[in-house]
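Here are my notes on this one, written as numbered points. Have the viewer open while you read.

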Amino acid sequence: MIVIPNVGHGSPAKIRKQWVKKIQWAVLFGLMVLIYGSHAPLITLTKVAGQVPFNPSSCVVMIELTKLFISLATLVLTGATSALRSPPPLALVAPYAIPALLYAFNNNLVVVMQAYMDPSSYQVLSNLKIASTALLYSFCLGKRLRPAQWLAVGLLMCAGVCHTYSSLDLEGDPEKAQEGAEEEKEGSRLYVTAWGLFLVLVYCCVSGLAAVYTERVLKSQRLPLSLQNLYLYVFGVVINMLSSFSSFFVEGTKSFLEGYSGLVWAIIAGQAANGLLMSVVLKHGSGITRLFVISCSMLVNALLSWAVLGLQLTPFFLLPVAMIGLAAYLYYR
């Protein structure tokens, strides 16, 4: 008599495997949210006299270099170095240059936009990248979202706006109305020019396109993720290094490693880890998960700013928390 083990839908082995996979994704999601959320508070802690003591461009280069070295080390440890013995075909590698160019373009566009809107308006309007990413995800990857999932995306966007709005000082400081404070008042008011609105729309579309295109490339090629990351970050290092070196010709620019401290290196390590973890999400998961990571990180950012920097939270903070919770329920149910 032949005995066939129970491997059906409800078998203990399959249920255990499903739970292990869920726990792994939960840990991955939690790490990414924590790293994303701690980024801004850590940068604030590095400031000296209100200014960051290091060159931001060089920091981006070091993050890309760290991701490149980790990808190479992973490739060696997994024994997949056979792909490096001969130059890869140009058609295989060229697609990885596009995300690096798009991200570099957006990094510079953020600086340009500051001249056409105030920082708070930028924070509010940049939440449009949630909608642009979802639209491009649906159209470019052929992923049809249910009405409830579109509602979840809308809730995420509204949560971002509410979170930013709750941190604005719309009434301003009464002392600024006094004589001699007109310039300070002008610099603190909310404003967006027509050109600024156009630029922020371009920024949101490019941000969504970069994420969707990266996901498409990672999933379309049957290569080890470490090798794909290696191709991706080689272009990232080259493009950002060119951008960084061009900034050194500007008077007053800090040298490459000037102002680096243990905290700055911790920021670099965290952002490098987050980039590598995000590639796992895009390869084996969904780009929409990235939107939930960004939204949840806003809440972690606020909590860390309250605990570490002493910033005050208002009861209004609970509204975006509830919106994100409802969005997660609607999307993943």
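1. Which side chains does Glu215 or Lys219 belong to a salt bridge with, and at what N to O distance? The two meet each other, at 2.7 Å from N to O. Keep in mind that this is a predicted model, and that the distance is computed from it.

2. Where the pair sits is easy to follow: Glu215 and Lys219 are 4 residues apart in helix α9, so about one helical turn separates them. As a general point, an α-helix has 3.6 residues a turn, so residues three or four places apart point the same way.

3. The two partners sit in unlike surroundings. Glu215 has 1% relative accessibility and is therefore buried, the cut-off being under 20%. Lys219, with a relative accessible area of 37%, is partly exposed.

4. How many salt bridges does the structure hold? The count is 2. Besides the pair in α9, Lys67 bridges to Glu64, and their closest N and O atoms are 3.0 Å apart. Both of these residues belong to helix α2 (residues 56-77), where they are 3 residues apart, about one turn of the helix.

5. Are Lys67 and Glu64 buried or exposed? Lys67 comes out at 9% relative accessibility, so it counts as buried. Glu64 is at 12% and therefore counts as buried too.

6. Now for helix α6, which covers residues 128-141. Its 14 residues reach 19 Å from the first C-alpha to the last, close to the 20 Å expected at 1.5 Å a residue. Right after α6 comes Gly142, with a positive phi near 70 degrees.

7. What do the buried residues of α6 pack against? Their partners are α7 (147-166), α9 (194-220), α12 (287-308) and α13 (318-332). So that you can pick them out in the viewer, the buried residues of α6 include Ile130, Ala134, Tyr137 and Leu141, under the 20% cut-off. Polar residues are on that list as well, among them Lys129, Ser132, Thr133 and Ser138. Note that α9, one of the helices packed against here, is also the helix that holds Glu215 and Lys219.

8. Last, have a look at the surface. Ile15, Trp19, Ile23, Val27 and Leu31 form a nonpolar patch there, with about 480 Å² of accessible area together. Ile15 is placed in helix α1 (residues 12-46). With a relative accessible area of 35%, Ile15 is partly exposed, and it clears the cut-off of over 30% for joining a patch.

Technical notes
Residues are numbered from 1 along each chain as its sequence is written. This is a predicted model: local features need pLDDT of at least 70, side-chain atom pairs count only at pLDDT 80 or more; totals for chains, interfaces and linings use all residues. Side-chain values use heavy atoms; hydrogens and water are left out. Helices (H or I, at least four residues) and strands (E, at least two) are DSSP runs, numbered from the N terminus. The expected span of a helix is 1.5 Å times one less than its number of residues. Buried means under 20% relative accessible area, exposed over 50%, partly exposed in between (1.4 Å probe, protein chains only). Contact means heavy atoms within 4.5 Å. Patches are made of residues with over 30% relative accessible area and no salt bridge: like charges are joined within 9 Å, nonpolar side chains (Val, Leu, Ile, Met, Phe, Trp, Tyr) within 5 Å. Accessible areas come from the Shrake-Rupley method with a 1.4 Å probe; for residues, only the protein chains shown count as cover. A salt bridge is a side-chain nitrogen of Lys or Arg within 4 Å of a carboxyl oxygen of Asp or Glu.
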